[in-house]
Amino acid sequence: MLERPPAAQSQGDDNPWHTGAACRRDEVGLFFAPSKEPTAARLSREEQAKQVCARCPVLLECREHALAQPEPYGVWGGLTAAERRVVLARRRRREADLHEAARIPAARSRIAG
């Protein structure tokens, strides 16, 4: 089943970023895969969707929306679902590293004190 492109989804009045999105003028099928899409067709479609995203004035807002939700399907903010999973994993790893780095000095001061 096809879904609406990112900017066409109902976001409410709180998130007006989507009103200026380039994808509002493009076909739904460009951003979301039909069922049983062959790999070559998927890669071509995703590349076309990313080209639309590349010229979009709200690319970063769209990407952050998709990462915050997180959106499990489609091309959002110039990233596929798999690419978004990688970004999210890197963010989690970076946050864990920062948390660990903050914890170590606190532990050292307790030991030294």
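Here are some friendly notes on this predicted model, with most of the attention on its salt bridges.

1. Overall make-up. The protein chain contains 4 helices and 0 strands. Reading from the N terminus, the order of elements is α-α-α-α.

2. Burial and surface. The protein chain has 113 residues, and 34% of them count as buried. Its exposed area is about 7,600 Å², of which carbon and sulfur atoms supply 53%.

3. Contacts along the sequence. Take the contacts in the protein chain between residues at least 6 apart in sequence: 46% of these join residues at least 24 apart. Two of the salt bridges discussed below, Glu83 with Lys50 and Arg91 with Glu64, are worth viewing with that figure in mind.

4. Salt bridges in general. Side chains of opposite charge can pair when their charged atoms come close. In this model the count comes to 5 salt bridges.

5. A pair within helix H2. Glu46 and Arg42 form a salt bridge through their side chains, at 3.2 Å from N to O. Both residues belong to helix H2, which covers residues 39–54, and they sit 4 residues apart, about one turn of the helix. Are the two partners buried or exposed? Glu46 has 13% relative accessibility and so counts as buried, the limit being under 20%. Arg42, with a relative accessible area of 30%, is partly exposed.

6. A link from H2 to H4. Glu83 makes a salt bridge with Lys50, and their closest N and O atoms are 2.6 Å apart. Because Glu83 lies in helix H4 (residues 81–112) and Lys50 in helix H2, this pair ties together parts that are 33 residues apart in sequence. Glu83 is partly exposed at a relative accessible area of 29%, and Lys50 also counts as partly exposed, at 23% relative accessibility.

7. A link from H3 to H4. The side chains of Arg91 and Glu64 meet in a salt bridge, with 2.6 Å from N to O. This pair connects distant parts of the chain, since Arg91 is in helix H4 and Glu64 is in helix H3 (residues 59–68), 27 residues apart. The relative accessible area is 26% for Arg91, which is partly exposed; Glu64 is partly exposed too, at 36%.

8. A shared network. Which residues do salt bridges with shared partners join into one network? They are Glu37, Arg42, Arg45 and Glu46. The pair from point 5, Glu46 and Arg42, therefore belongs to this network.

Conventions:
Residues are numbered from 1 along each chain as its sequence is written. This is a predicted model: local features need pLDDT of at least 70, side-chain atom pairs count only at pLDDT 80 or more; totals for chains, interfaces and linings use all residues. Side-chain values use heavy atoms; hydrogens and water are left out. Helices (H or I, at least four residues) and strands (E, at least two) are DSSP runs, numbered from the N terminus. Buried means under 20% relative accessible area, exposed over 50%, partly exposed in between (1.4 Å probe, protein chains only). Contact means heavy atoms within 4.5 Å. Accessible areas come from the Shrake-Rupley method with a 1.4 Å probe; for residues, only the protein chains shown count as cover. A salt bridge is a side-chain nitrogen of Lys or Arg within 4 Å of a carboxyl oxygen of Asp or Glu.
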